[in-house]
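This report turns to pairs of oppositely charged side chains. Please have the sequence and the model at hand while reading.

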Amino acid sequence: MASLILALHVILSFLALIAGFAWLLGLLAGTVRTRAELGFLWTMAGTTASGFLVVTPPVTPAQAVGVLCTLLLIGAVAARRRFGPRALAYLLPGLAALWLDVFVLIAQAFDKLPPLRALAP
């Protein structure tokens, strides 16, 4: 069961990255891409929720990043509902959540892929 949850977590994380970059490209182009935006928010929420299901007894840095990402997503959704999709109060937490997902991808790549593990500091 744990491997199924972990596989779901990884798939959701990759989908969140794809949707997040589509959302970011829309922001840079000056348009609001609602599908990409909602896809990013939902897949990031799924990623953080599924990450908490893969729990290890001591608190790990991954869990701390998950808590921070959860707080950022809650703030982003609340700000979007209150101020709209172009408000800075919405964009900054959303972009920070995307940055954290990219950071975790890079950290996991250095931990899991042998060629990158050899290059790790």
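The paragraphs below describe the salt bridges and the exposure of residues that take part in them.

This is a predicted model, in which local features need pLDDT of at least 70 and side-chain atom pairs count only at pLDDT 80 or more, while totals for chains, interfaces and linings use all residues. Residues are numbered from 1 along each chain as its sequence is written, and side-chain values use heavy atoms, with hydrogens and water left out.

Side chains of opposite charge can pair when their charged atoms come close. The structure holds three salt bridges, a salt bridge being a side-chain nitrogen of Lys or Arg within 4 Å of a carboxyl oxygen of Asp or Glu.

| Salt bridge | Closest N to O |
|---|---|
| Arginine 80 and glutamate 37 | 2.2 Å |
| Aspartate 111 and lysine 112 | 3.3 Å |
| Aspartate 111 and arginine 117 | 3.2 Å |

Arginine 80 belongs to helix H3 (residues 61-83) and glutamate 37 to helix H2 (residues 34-53), so their salt bridge ties together parts that are 43 residues apart in sequence; helices here are DSSP runs (H or I, at least four residues), numbered from the N terminus. Glutamate 37 is buried at 0% relative accessibility, whereas arginine 80, at 25%, counts as partly exposed; buried means under 20% relative accessible area, exposed over 50%, and partly exposed in between (1.4 Å probe, protein chains only).

Asp111, Lys112 and Arg117 are linked in a network of salt bridges. Within this network, aspartate 111 is partly exposed at 35% relative accessibility, and lysine 112 is exposed, with a relative accessible area of 56%.

Methods: Helices (H or I, at least four residues) and strands (E, at least two) are DSSP runs, numbered from the N terminus.
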